[in-house]
Amino acid sequence: MKMGADRLCMPCPSIYQFIDAVKQTALANKRWTPPPGKGTLYIRPLLMGSGAILGLAPAPEYTFLVYASPVGNYFKEGLKPLNLYVEDEFHRATRGGAGGIKSITNYAPVLKAMTRAKSRGFSDVLYLDSVNKKNLEEVSSCNIFLAKGHVISTPATNGTILPGVTRRSIIEIARDHGYQVEERAIPVDELMDADEVFCTGTAVGVAPVGTITYQDRRVEYRVGEESVSQELYSILEGMKTGVIEDKKGWITEIQ
């Protein structure tokens, strides 16, 4: 939130204010938390300009709020593998823009491509860089990972890609369990040679990708219990639910 606020010329709540607000919201909505395995209580902090202004300038007043809602899986497929479409006409973000922050400016532009892809039976859209139109960026609402052997690769966050916390968590977990993780530019051609592809995000969690279609070519990937994504998903979910001990200090107990 602080990175986004700085980029958009907005004041930002302190760390204490942020965490306290999230805790209070979680406690107040505890009864709406779905049973284990049936969903989650999705908590969304939001910072918005609320002061009266018509000119092109930062607002004179801002509102920080946190809302919560019980939710199921982000994708209608549930835990089934996703079918992605590589978009080479529309772009999610451009260099020098705000692609690297959590802002509505990154979601409104993807609606056209996403709606078109879903009407064709795809789960979501995988975008390419706007300069060369050859390197992977991210999916409409999540980061992308490729696995080949014992090497996991994901596009580097260079200002056009959101540095998601689930992305960072999976990178750390993968390295802790002996995987070599590379953050770099990934040409779209590497998709055709990957053993496995998966997505990560706050709402998405860790989602396996079953197929990707690029320029009328459809590639299938490994999925299932023996997949890398399933291994990493199980570890992350185990830490979240207390089944696996959190040795990283990621979990905050709310009482």
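Which residues is Val139 in contact with, leaving aside its neighbours within four places in sequence? The legends below start with that residue in this predicted model.

**Figure 1. Val139 and its surroundings in strand β5.** Strand β5 covers residues 136-139, and Val139 lies in it. Leaving aside neighbours within four places in sequence, Val139 is in contact with Leu84, Arg92, Asp124, Val125, Leu126, Tyr127, Ile144 and Cys199. Its relative accessible area is 0%, and because buried means under 20%, Val139 counts as buried. Tyr221 is 82 residues from Val139 along the chain, and the C-alpha atoms of these two residues are separated by 17 Å.

**Figure 2. Helix α4, residues 165-176.** Helix α4 has 12 residues, which at 1.5 Å a residue should span 16 Å. The C-alpha atoms at its ends are 17 Å apart, which agrees with that expectation. The buried residues of α4 are Thr166, Arg167, Ser169, Ile170, Ile171, Ile173 and Ala174. In an α-helix there are 3.6 residues a turn, so residues three or four places apart point the same way. The elements that cover the buried residues of α4 include the strands β6 (143-148), β7 (151-155), β8 (180-184), β9 (196-201) and β10 (205-214), and also the helix α5 (228-241). Gly178 follows α4 and has a positive phi, near 90 degrees.

**Figure 3. The largest nonpolar core.** This core has 24 residues, and Leu191, Val197 and Ile212 touch the most other members. At least two residues of the core come from each of β3 (82-87), β4 (124-128), β5, β6, β9 and β10. Strand β10 gives the most, with four residues. In soluble globular proteins, nonpolar side chains tend to be buried together.

**Figure 4. Val197 and a separate core.** Not counting residues up to four places away in sequence, Val197 touches Ile144, Phe145, Leu146, Leu191, Pro208, Val209, Ile212 and Tyr221. Apart from the largest nonpolar core lies another core, of 16 residues. Ile170, Ile171, Val181 and Phe198 are among the residues of this other core. Ile170 and Ile171 are also among the buried residues of α4.

**Figure 5. The second largest pocket.** About 170 Å³ of space lies in this pocket. The pocket is lined by 16 residues, and the closest to its centre are Arg95, Asp129, Asn135, Glu137 and Asn158. How does the lining divide into nonpolar, polar and charged residues? Eight residues of the lining are nonpolar, four are polar and four are charged.

How values were computed. Residues numbered from 1 in each chain as written. Predicted model: local features only at pLDDT ≥ 70, side-chain atom pairs only at ≥ 80, totals over all residues. Heavy atoms only, no water. Buried < 20%, exposed > 50% of the residue type's maximum accessible area, 1.4 Å probe, protein only. Contact = heavy atoms within 4.5 Å. Expected span 1.5 Å × (residues − 1). 1 Å grid on protein atoms, 1.4 Å probe; cavity = no way out; pocket = protein on both sides within 12 Å on 5 of 7 lines; lining within 4 Å. Points joined across faces, edges and corners; volume = space filled by probe spheres on them. Nonpolar A, V, L, I, M, F, W, Y, C, P; charged D, E, K, R; others polar. Core = buried A, V, L, I, M, F, W, Y, C linked by side-chain atoms within 4.5 Å.
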